[in-house]
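Below is a short series of questions and answers about a ligand site and the empty space in a protein model. Please look over the structure before reading on.

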Amino acid sequence: MSEVGAGLSLVRERIAAACARAKRPIEAVTLVAVSKLQPTALIREAYDAGQRDFGENYAQELRDKAAELAGLDGLRWHGIGPLQTNKAKYVAQVAYAFHAVDRVEIAQELAKRRKGEKLRCYLEVNVGGETTKSGVRPEDAPALLTAVRAIPSVEVVGLMTLPPPGDDPRPHFASLRTLATKLHLRELSMGTTADYELAIEEGATLIRVGTAIFGARPARTAR
Ligand SMILES: *Cc1c(COP(=O)(O)O)cnc(C)c1O
């Protein structure tokens with residue numbers, strides 16, 4: 001088994017254990033393998049081990065990898081990082097889902113460039129308060145939801161958050177769940193290598209795990 005295959009197996013075991021603890025079926029949790037800055041050879045290894053959902057942060061990197069791996073049937077790309085409006089086209093053209101809608105302009109740009117199936121979108125919520133920069137404030141989420149819902153070609157399916165590093169993530173995950181319930185949104189994108197088991201216990205329907213699968217990331221170089 002490849003190293004990536006071994007990493008995936010371990011993560012899958014832990015997902016199953018967390019689901020058992022939380023009395024949730026494992027089908028309720030989708031694992032997105034975060035492959036940002038990792039070479040496509042490792043994505044192929046994960047694909048060969050059965051992984052189909054992959055997350056990328058940088059728009060041009062996503063575009064290039066999607067082109068290179070276009071032959072891999074059933075592979076689904078998730079844009080998970082902050083996005084500038086001028087790069088939205090790269091995500092709109094290839095992604096299955098986008099997890100970081102924090103203002104209406106991003107959803108508008110994505111929609112303009114989207115063809116075919118609606119792009120599944122998550123509103124990124126800043127449940128961490130002052131210490132995090134990205135995401136809409138919880139009190140502004142209802143207005144953002146209403147605005148994005150009016151846009152064709154995108155579909156809001158849930159909420160996403162990334163708790164501030166160093167904080168206890170559990171209360172942040174719990175706040176996101178409470179907010180999603182209030183807004184009648186079903187999906188919760190939350191939990192990374194550091195805290196995905198906790199996130200599952202708090203109701204995550206999708207977790208974004210990179211390092212535990214692929215190992216440490218190479219440094220980002222200017223492109
Ligand atoms: C990089 C990243 C992840 C994955 O982080 P790991 O610690 O490698 O699991 C998840 N979510 C977002 C938004 C990220 O930018």
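Q: Which residue has a backbone N or O atom that lies 2.8 Å from an oxygen atom of the ligand?
A: The model is a predicted one, and the contact asked for here involves the backbone rather than a side chain. With polar contacts taken as pairs of N or O atoms within 3.5 Å, a separation of 2.8 Å from an oxygen atom of the ligand qualifies, and the backbone atom in question belongs to G210.

Q: How far is an oxygen atom of the ligand from an N or O atom in the side chain of T211?
A: T211 is listed among the residues around the ligand, as are G210 and R217. For R217, an N or O atom of the side chain is 2.7 Å from an oxygen atom of the ligand. For T211, the corresponding side-chain distance to a ligand oxygen atom is 2.5 Å.

Q: How much of the accessible area that the ligand has on its own does the protein cover?
A: Besides the side-chain contact at R217, where the distance to a ligand oxygen atom is 2.7 Å, the cover can be expressed as a share of area. On its own the ligand has 390 Å² of accessible area, and the part of this covered by the protein is 87%.

Q: How many charged residues does the shell around the ligand have?
A: The residues around the ligand include V34, K36, N57, I80, M160, T192 and R208. By class, the shell has four nonpolar and five polar residues, and the number of charged ones is three.

Q: What is the volume of the largest pocket?
A: The ligand sits in the largest pocket, whose lining divides into ten nonpolar, ten polar and seven charged residues. The volume of this pocket is about 650 Å³.

Q: Which of the 27 residues that line the largest pocket are the closest to its centre?
A: Three of the residues in question, K36, T192 and R208, are also listed around the ligand. The full set closest to the pocket centre is K36, L162, P163, T192 and R208.

Q: How much space lies in the largest cavity?
A: A search of the whole structure finds one cavity of 30 Å³ or more. Its lining includes E56, N57, Y58 and F98, and by class the lining divides into eight nonpolar, three polar and one charged. The space in the largest cavity is about 40 Å³.

Notes:
Residues are numbered from 1 along each chain as its sequence is written. This is a predicted model: local features need pLDDT of at least 70, side-chain atom pairs count only at pLDDT 80 or more; totals for chains, interfaces and linings use all residues. Side-chain values use heavy atoms; hydrogens and water are left out. A residue is near a molecule or strand if one of its heavy atoms lies within 4 Å of it. A polar contact is a pair of N or O atoms within 3.5 Å; within protein, one must be able to donate a hydrogen and the other to accept it, and residues adjacent in sequence count only if both atoms are side-chain atoms. Accessible areas come from the Shrake-Rupley method with a 1.4 Å probe; for residues, only the protein chains shown count as cover. On a 1 Å grid over the protein atoms alone, a cavity is a set of points where a 1.4 Å probe fits but cannot get out, and a pocket is an open set with protein on both sides within 12 Å along at least five of seven lines; lining residues have an atom within 4 Å of a point. A molecule sits in a cavity or pocket if more than half of its atoms lie within 2 Å of its grid points. Ala, Val, Leu, Ile, Met, Phe, Trp, Tyr, Cys and Pro count as nonpolar, Asp, Glu, Lys and Arg as charged, and the others, Gly among them, as polar. Grid points are joined across faces, edges and corners, and a volume is the space filled by probe spheres set on the points.
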